[in-house]
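Hi,

Here is the structure I said I'd pass on. Have a look at it first, and then read on for what turned up.

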Amino acid sequence: MKLAVIGAGAVGRSVTELAGEYGHEVVALADSSGAALAAEDGGGAALDVDAALAHKAETGTVGEADPADALAADYDVLVEATPTTLGDAEPGFSHVRTALERDRNVVLANKGPVAERFGDVQGLAAESAGDVRFEATVGGAIPAVSTVEDIEPGHVTAVRGVLNGTANFILTRMAAEGLDYEHVLAEAQDLGVAEADPSFDVDGTDAALKCVILANVLSFGAADDPADAREFTLADADVEGIRDIPGSALRLAAEDGRTVRLIGEATGDSVRVAPRLVPENGTLAVTGTQNIVQIETSHAGRLNISGRGAGGPETASAVLGDVGRLE
């Protein structure tokens, strides 16, 4: 498959670097200010990825072409890996629309279009010869979306789990060392686990977006007619973060054999994210930056899938897995 990758951050770079191992070739790579394209020799030559990334390191952009040229390139799959934006989900949504209107496939690492405009994306896909996949938007390398699809959404009653590594690292350290939130946050920032502005993670927004996407998968997947499905956005989620959890709460929980984790839960009717008490040695008490997804089913009981929920190569593996499903 020929890939056009929009977004040259950690995930986009990893997709370009790993695509060959999965049997695919990158023909275009764009960032916000430029693009690099394969030679237009009619032979379908792949992009010189190393040269494009070296150009970005030297100049701040992957190439001198216009980013729009990457969207217009001859590709089979558009990989949308620009940063997640809320509200209108732009520019990611427009990238999705452009590809689908050209009857091309789309694989998303960007959460915005399927968290904030799921119905619009599904409508565009229904009118296109292309398809949309978005495994990488939920849980990095963890195959949460495809597992729900394999079970069939109508047979899944709920999906819950620990879906943000930064928040989980902070809570793990607070419990293990008896430290307060601010102390551990500073440590996480020094280690690069938390951003300089950690709001997206510690306020529960990132986990909520992932749960919104799962709720949409459940709602639309179970509906006989998409028009009857309930569409979720971040505004529909009940969200509470971890900023106000005192170290004393974790110490008291430990005395009772429990700990605190930021748990997200999605059903076809609701989305909730909040700190919750869980058994200290239970399946939801994953440590560090690990994530876990629990899928409650009608006939197969509870399924647990855990692994790395973020990271360039980890998320790229989910992207490339989706590309493989489109073949």
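One thing before the details: this is a predicted model.

Let's start with a helix pair. Helix H6 (residues 118-126) packs against helix H11 (residues 205-222) with an angle of about 50° between them, and their axes are 11 Å apart. That angle falls outside the ranges for parallel, perpendicular and antiparallel, so H6 and H11 count as oblique to each other. Their crossing is right-handed. If you want to find the spot where they touch, look for Phe118, Gly119 and Gln122 on the H6 side, and Asn216, Val217 and Phe220 on the H11 side. Sorted by class, that contact has 3 nonpolar and 3 polar residues, with no charged ones.

Next, the inside of the protein. The largest nonpolar core has 72 residues, and Phe134, Ile170 and Ile242 are the ones with the most contacts inside it. H11 turns up again here, as it gives this core its largest share, 11 residues. There is also a second core, separate from that one, with 27 residues; Leu47, Ala316, Ala318 and Val319 are among them.

Phe134 is a good residue to click on. Not counting neighbours within four places in sequence, Phe134 is in contact with Leu108, Val114, Phe118, Gln122, Val145, Ile213, Val217 and Asp322. You'll recognise some of those names from the helix pair above: Phe118 and Gln122 sit in H6, and Val217 sits in H11.

Now for helix H1 (residues 10-18). Its buried residues are Val11, Gly12, Ser14, Val15, Thr16 and Leu18. What covers them? The cover includes strands E1 (2-6), E2 (25-30) and E4 (77-80), together with helices H2 (49-59) and H13 (312-325).

H13 deserves a closer look. The axes of H1 and H13 come within 8 Å and cross at roughly 60°, and the crossing is right-handed. From H1, the contact takes in Ala10, Val11, Ser14, Val15 and Leu18, while H13 brings Gly312, Pro313, Thr315, Ala316, Val319 and Leu320. By class that makes 8 nonpolar and 3 polar residues, and no charged ones. Two of the H13 residues in this contact, Ala316 and Val319, also belong to the second core.

Still in H13, there is Glu314. Is Glu314 buried or exposed? Its relative accessibility is 18%, so Glu314 counts as buried, the cut-off being under 20%. Beyond its neighbours within four places in sequence, Glu314 is in contact with Gly140, Ala141 and Arg308.

The last pair is helix H8 (residues 165-177) with H9, whose axes come within 9 Å and cross at roughly 125°. H8 and H9 are therefore oblique to each other, and this crossing is right-handed. Phe169, Ile170, Arg173 and Met174 of H8 meet Tyr181, Val184, Leu185, Glu187, Ala188 and Leu191 of H9. Here the classes come out as 8 nonpolar, no polar and 2 charged residues. Ile170, in H8, is the residue you met earlier in the largest core.

Finally, Leu191, which has its place in H9 (residues 181-191). With 57% relative accessibility, Leu191 counts as exposed. From Leu191 to Glu265 is 74 residues in sequence, and 29 Å in space from C-alpha to C-alpha.

Cheers

Note on methods:
Residues numbered from 1 in each chain as written. Predicted model: local features only at pLDDT ≥ 70, side-chain atom pairs only at ≥ 80, totals over all residues. Heavy atoms only, no water. Axes fitted to C-alpha atoms, helices over the stretch in contact; angles between N-to-C directions. Helix = DSSP H or I, 4+ residues; strand = E, 2+ residues; numbered from the N terminus. Parallel < 35°, antiparallel > 145°, perpendicular 65-115°, else oblique. Left-handed = near helix turned anticlockwise from the far one by under 90°. Contact = heavy atoms within 4.5 Å. Nonpolar A, V, L, I, M, F, W, Y, C, P; charged D, E, K, R; others polar. Core = buried A, V, L, I, M, F, W, Y, C linked by side-chain atoms within 4.5 Å. Buried < 20%, exposed > 50% of the residue type's maximum accessible area, 1.4 Å probe, protein only.
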